[in-house]
Each structure stands twice: as C-alpha cells, then as structure tokens.
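Colleague: I am new to this one and would love a friendly walk through it. Could we look at it together?

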Amino acid sequence: MRTLIKNAKCIFPRETGIFNLIIENNKIAFIDPSPTMSVDVTINAEGLLLIPGVIDDHVHMREPGLTHKEDLKSGSIACAKGGVTSFFDMPNTNPSTISNDNLLRKLELASQKSWVNYGFFIGATRQNLDQLRFAERTPGIKIYIGSSTGDLLVDEQNPLERIFAETSLTICAHCEDETTIISNSRALDGGRSYSSHSQIRDENAAFIAARRAVNLALKHNHRLHIAHVSTAKEIELIHPNKNLVTAEVCPHHLYFNIEDYDRLGARIQMNPAVKTRKDNEALWNALIEDDINVIASDHAPHTLDEKNKPYPKSPSGIPSVENILPLMLDAVNKGRISLERVVKTMCETPAKIWNIADKGKIAEGYDADLVLVDMNKKMIVNDEEQMTKCKWSPWNGEGLTGVPTHTWVMGNLVYCEGKFDSAHRGREIQFNHSK
Ligand code: DOR
Ligand code: ZN
C-alpha cells in the first residue's frame, strides 16, 4: 500500500518548505515523488509539520510484574498519542531483566502487545557478567549506581570495574551515590515531607556517582550514557569527555525544581530528585549547546494511590511519555529552544548514539516512523485524558501549544487526530553493535 503525505512542512530534508512523501512497505519510499505516481491513501498535511518519530531511550513500561501501573499495551498507546514511535524500556520490572532469557521474554511480550517499536535494556547486577557479555538484542546495559525503584543496584567498586572492563555494550547509568543518599537520609531521620526527597538525593549524590561512572568509562574506554542529568555540576563532567560520554535530560528536570513541591508534592517526587531553578537553567543551556545530547521521558508510572502515601512511602517516578513532545514543541513556540534542536535530540541523535539502523531521519529508505505536528494547536494536559494506565500527569492543567496529530509506526497510521488504530504492532528495534 502506498500512502502520500501531501504538502507537509519540513525542516528535513530541506531547510524549510513544503514537500510530499510516499510511504510504502514500512519505509519512506519517495520524497517529492512524481505527481503522476499512483497512491492508495492521501493525507492532506497542509499547515502541518512532518518530523521523524520520537525515539524515547528511557521508559518504564512495568511489564511483567507491575502491570497495575502500566503495561506494554497502555504504555505504547500513550507513546503513539505523543508521537513516540520507539521506546527503550528499563530492566526494573518484576522479574528484573537481568538475564537473556528474561530479555527474550520481554521481546516476545512486546511483539504481541506494543503498538510502537521497542527495545529492552539488560540490567547489571553484581553477578550477571556472563549474561551482560553475550546480550545482543538490547540497546545496552543499565546500571543503577544508586538504588531506585526495584532492587537493582551495583555500587561496589569491584563489580563496577569488571562490568566496564569486561563488557562491550554501551552502559546507561543511573547516577546517584548510595552512600550519600543513606547518610543524608539518616541526617533527616528518613525525611518527613516530599521536599526532603531533594535534600536526600541532593546535588552531591548525583555528582559523586556521575564522576565515578565517567572515571570508569575513561579508564576502560567504555561508551557511557548518563541517564537523566539533573544538576549543573554533572555537566562539568560531561563537557570534556564528549567523545565517550553522552547524556540525557528529562523534561521534568528542565521544568520542575524544589520550589514546586508546595504545589505538586509527590507528583514531582522522582529519582534523581528535582534540584534548583539554577539547575533548570543550566540544563536548558547544556541541551542547547549539545553538552546534553538526548531528551528522554523516564516515563515511570505509579498509581495516584501509591503516590499519595506519606513520604518516604510514596514511590519515585512520574508518567510523561505522551507529553514530552508537546512540552518541547511548546518550548519551541516560546522561543526557548529551536525546532531543529528538538528534532535532533528526540529523533536523530538517539538513533545515532544507540546505533539504530534506518531510523531518526526523513530520508528515502528510512523506516516510516513519522509524526505530523500542528505547531499552532493548543492543548491542556488533563489527568483524565492521559492514555497511561495511571491516569495522571504532573503537568495536569498546563496549557501547551504544539501537538502531534498523526503518528505512523513502520508505515502504519496508528494515531490520527484523537483516534487510534489497534490493528498494528511495532517492531523490535535492530541495533548494529559492531559499529
Ligand atoms: O523516579 C524514578 N522512577 N527513577 C528511577 O530511576 C526509577 C523510576 C521507576 O521505575 O519508578
Ligand atoms: Zn528511569
């Protein structure tokens, strides 16, 4: 089947302008095709902007084991609505993804349930080096150098050294220093309010663990990706080591800070914890200057009942996968960041740094993972309208301008102006690890 997307605005492949594109057999088959070419379906994209689908390299879809919070179906539908055509899921499910058997089980589940394309990290433990060494169908190895939701933690030097020395896949690190967290928590008697979360998981916790990860990467010449950078200080570590170290920021660390606890309480309790307004500013600048390379959601749904427990029983994490693109398009409309930079950090660079073949660009022969956005359309984020199973968002009530209207996953129009097509499934993302 041939689909013509007609009269779309674009920033790629040309600087600006209007263009036509034909999708055929899951691929972008023709850009600016001959007007005589026959097509089966025509989508009038006048006034809309066509971008590559977002590749979100950090989500928690909670399946298996925690499916009262989210599952691969509900989470991937949220992706489709938000213009996210590919996700990488984290290993802190139940059971944790710490073996190749569990990895393959997740891939099998996703092939049946996920509406968008998927990849699954394998998690590091103190004892699973053999599993990490021969894992292939994964973007890389996730290490929690500091505990978070779940029980994955590797914080002793010896196992860390061995993982960096004896494996070859890119390491994605959650950087919060466990010793600092424990001592801050003791000093605060465990913490009494949601805002104490930011005193316990403070700037030093993030910096110390990130410094440790960067030093290990340098010592063993191992590619490192620092997940969810939350402080200005971490950027000092990343900037001089850009050949080996890439970094990711999440919209919640750009938008929220400790001043927001009064208003939002547990709705902004996450790991790493939010920091200060100054950190927000530094993260925006680092994103614009390319010290931070990727925007990811860290979509981490918990039910509101769970979140409403008193601190520290309230779990850390927020749902966000369906809103990250509108949030960044709104930032474009407000002049905070360029559209080019948003497309680079959400679509093109994730494909590049994780060695994904044929994604992240609008070019002939690339996968037809595409999103039309209406840069003038307004939306108000609303808990009840969220597609995530947990049905809330820390941005509830926020007005945003810039909304995805159509999402194609491998050539299938899975979301179109509020309507979903349930007939299609995403594909396993292929990683070219030999690159
Ligand atoms: O806030 C967070 N929630 N940070 C993490 O590292 C894990 C995540 C979760 O899985 O809930
Ligand atoms: Zn996470």
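Colleague: How far is an oxygen atom of ligand 1 from a polar backbone atom of asparagine 271?

Modeller: A quick note first: this is a predicted model, where local features need pLDDT of at least 70, side-chain atom pairs count only at pLDDT 80 or more, and totals for chains, interfaces and linings use all residues. Residues are numbered from 1 along each chain as its sequence is written, chains are lettered from A and ligands numbered from 1 in the order in which they are written, and side-chain values use heavy atoms, leaving out hydrogens and water. A polar contact is a pair of N or O atoms within 3.5 Å; within protein, one must be able to donate a hydrogen and the other to accept it, and residues adjacent in sequence count only if both atoms are side-chain atoms. Between the ligand 1 oxygen and the backbone atom of asparagine 271, the distance is 2.7 Å.

Colleague: How much of the area that ligand 1 exposes when taken alone does the protein bury?

Modeller: Histidine 60 has a polar side-chain atom 3.2 Å from an oxygen atom of ligand 1, and a backbone N or O atom of serine 316 lies 3.0 Å from a nitrogen atom of the ligand. Taken alone, ligand 1 exposes 290 Å² (Shrake-Rupley method, 1.4 Å probe). The share of this that the protein buries is 100%.

Colleague: Which residues are the protein donors of the zinc ion (ligand 2)?

Modeller: Donors are N, O and S atoms within 2.8 Å of the metal (3.2 Å for Na, K and Ca), and sites may look incomplete because water is not among the atoms. Here the donors follow the spacing H-x1-H-x237-D along the chain. Lying 2.0 to 2.2 Å from the zinc ion, they are His58 (NE2), His60 (NE2) and Asp298 (OD).

Colleague: How many residues apart in sequence are the parts that phenylalanine 88 and tryptophan 354 tie together?

Modeller: Rings of Phe, Tyr and Trp (its six-membered ring) pair if their centres lie within 6.5 Å; planes under 30 degrees apart count as stacked, over 60 as edge-to-face and the rest as tilted. Phenylalanine 88 and tryptophan 354 are edge-to-face, at 5.7 Å centre to centre and 80 degrees between the planes. Both are buried (under 20% relative accessible area, with exposed over 50% and partly exposed in between; 1.4 Å probe, protein chains only). Phenylalanine 88 lies in strand β7 (a DSSP run of E, at least two residues, numbered from the N terminus) and tryptophan 354 in the loop between α14 and β15, so the parts tied together are apart by 266 residues.

How values were computed:
Helices (H or I, at least four residues) and strands (E, at least two) are DSSP runs, numbered from the N terminus.
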